[in-house]
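Here is a short briefing on one protein model. Its fold, surface and confidence are taken in turn.

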Amino acid sequence: MCRAGKAWFVRRARSSVLDRGMTTSEYAVGTIAACAFAAVLYKVVTSGAVLSALQSLIKDALDAKF
């Protein structure tokens, strides 16, 4: 292996060791994004249109003729 190839390999190996996992700030941003998504999903699922659609779906399933 040539000298430039060895230097590239060493730099690449060192950088991969330093970039393991997420930092604390990345965890914080990910947690905030997950909470925001959960809040939006909760609002959508508990909206009137979705509740009435679920109720009609359950009612139709229970009133099915066998």
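Accessible areas come from the Shrake-Rupley method with a 1.4 Å probe; for residues, only the protein chains shown count as cover. On that basis the protein has about 6,300 Å² of accessible surface, and carbon and sulfur atoms hold 69% of it. The model is predicted: local features need pLDDT of at least 70, side-chain atom pairs count only at pLDDT 80 or more, and totals for chains, interfaces and linings use all residues. Residues are numbered from 1 along each chain as its sequence is written, and side-chain values use heavy atoms, without hydrogens and water.

**Fold**
- The protein has three helices and zero strands (DSSP runs numbered from the N terminus: helices are H or I, at least four residues; strands are E, at least two).
- The order from the N terminus is α-α-α.

**Burial**
- Of the 66 residues, 0% count as buried (under 20% relative accessible area; exposed is over 50%, partly exposed in between; 1.4 Å probe, protein chains only).
- Helix H3 (residues 48–62) has 15 residues. The number buried is zero, so H3 lies largely in the open.

**Helix H2**
- Val-40 sits in helix H2 (residues 24–45).
- Val-40 is exposed, at 51% relative accessible area.

**Confidence**
- Mean pLDDT (the predictor's confidence in each residue, from 0 to 100) is 83 for the protein, and 82% of its residues reach 70 or more.
- Among the elements, helix H1 (residues 3–18) has the lowest mean pLDDT, 67, and H2 the highest, 94.

Terms used: Expected span 1.5 Å × (residues − 1).
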